[in-house]
Amino acid sequence: MTSASDSIDSILDDLSHIAGCGACFVDCLGKRMAGSRRRPTGRMCSVCPAGLSADCAYLSAFRGKDEERFIYADVYSSGVLAGRIALGRMDDMGERNGAALDTLAQAFACLIEKRGLARHKSELFAELSRYIDDHLSDDLSAQSLISTFYFSQSVLSKTVKRESGMPLRMYIQSRRLEAARVLLMGNSMPVMQAAVQCGISDFNYFSRIFKRRFGISPSELKAMARRDFH
């Protein structure tokens with residue numbers, strides 16, 4: 001996970017400060033994932049880039065509406081489009097200013113790419129899987145993952161579904177159960193401790209979903225492993 005100084009939001013804040021207008025990052029599905037905290041005034045965008053409304057001017061522009069009012073810079077990851085920076089609004093700014101801001105937006109897009117802050121979906125799944133495996137006992141809610149990866153819940157869910165065949169929630173559950181199974185088979189850890197270490201604190205719930213997944217209860221697996229070990 002990047003530090004605050006290396007986040008897309010921080011970079012967009014710098015871009016917005018230099019350009020004098022709002023900036024945001026829109027992912028490859030047209031979802032706004034990050035934005036500067038600047039609230040443009042005067043001739044700049046009257047729609048705050050930090051807003052989340054469905055009719056946000058930035059998102060409308062990304063989808064082909066009012067495109068002349070914004071400057072864009074594509075952001076790539078390993079040669080694959082990961083999203084776009086949208087900068088504006090550019091009303092009445094003049095051709096010279098527009099060209100200068102276009103160069104500026106391109107430079108900041110390169111900075112995001114260089115720091116690896118934008119990822120196309122196949123990279124995203126690999127990194128998401130590693131993160132889940134490394135943080136099984138932590139909060140793995142959709143909101144937590146959105147804050148960590150700067151992708152919308154829709155992008156995360158579609159990526160996991162495409163790569164694993166499972167909804168995001170079920171994929172996380174499967175990784176937790178698999179890790180718990182390995183713990184129960186490999187050492188003398190109590191069943192409840194294994195469950196908690198893998199992020200499940202409700203013993204009855206853990207036993208139920210474990211048996212549904214593996215066809216045997218965690219206690220039965222533990223006893224079987226103990227017999228086999230001895």
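Aromatic pairs and nonpolar cores in a predicted model

User: How many aromatic pairs are there by the ring-centre rule?

Analyst: The count comes to four aromatic pairs, where rings of Phe, Tyr and Trp (its six-membered ring) pair if their centres lie within 6.5 Å. The model is predicted: local features need pLDDT of at least 70, side-chain atom pairs count only at pLDDT 80 or more, and totals for chains, interfaces and linings use all residues. Residues are numbered from 1 along each chain as its sequence is written, and side-chain values use heavy atoms, without hydrogens and water.

User: Why is the pair of Tyr131 and Phe149 called edge-to-face?

Analyst: Planes under 30 degrees apart count as stacked, over 60 as edge-to-face and the rest as tilted. The ring centres of Tyr131 and Phe149 are 5.4 Å apart and their planes stand at 85 degrees, so the pair is edge-to-face. Tyr131 lies in helix α4 (residues 121-134) and Phe149 in helix α5 (residues 142-149), helices being DSSP runs of H or I with at least four residues.

User: What makes the pair of Phe206 and Phe210 tilted?

Analyst: The angle between the planes is 55 degrees, with 5.5 Å centre to centre, and the pair is tilted. Both residues lie in helix α9 (residues 203-214), four residues apart.

User: Why does Phe206 count as buried?

Analyst: Buried means under 20% relative accessible area, exposed over 50%, partly exposed in between (1.4 Å probe, protein chains only). Phe206 has 0% relative accessibility and therefore counts as buried.

User: What makes Arg84 lie over the face of Tyr72?

Analyst: A charge sits over a ring if NZ of Lys or CZ of Arg is within 6 Å of the ring centre and within 35 degrees of the ring normal. Arg84 lies over the face of Tyr72, at 4.2 Å from the ring centre.

Notes: Helix = DSSP H or I, 4+ residues; strand = E, 2+ residues; numbered from the N terminus.
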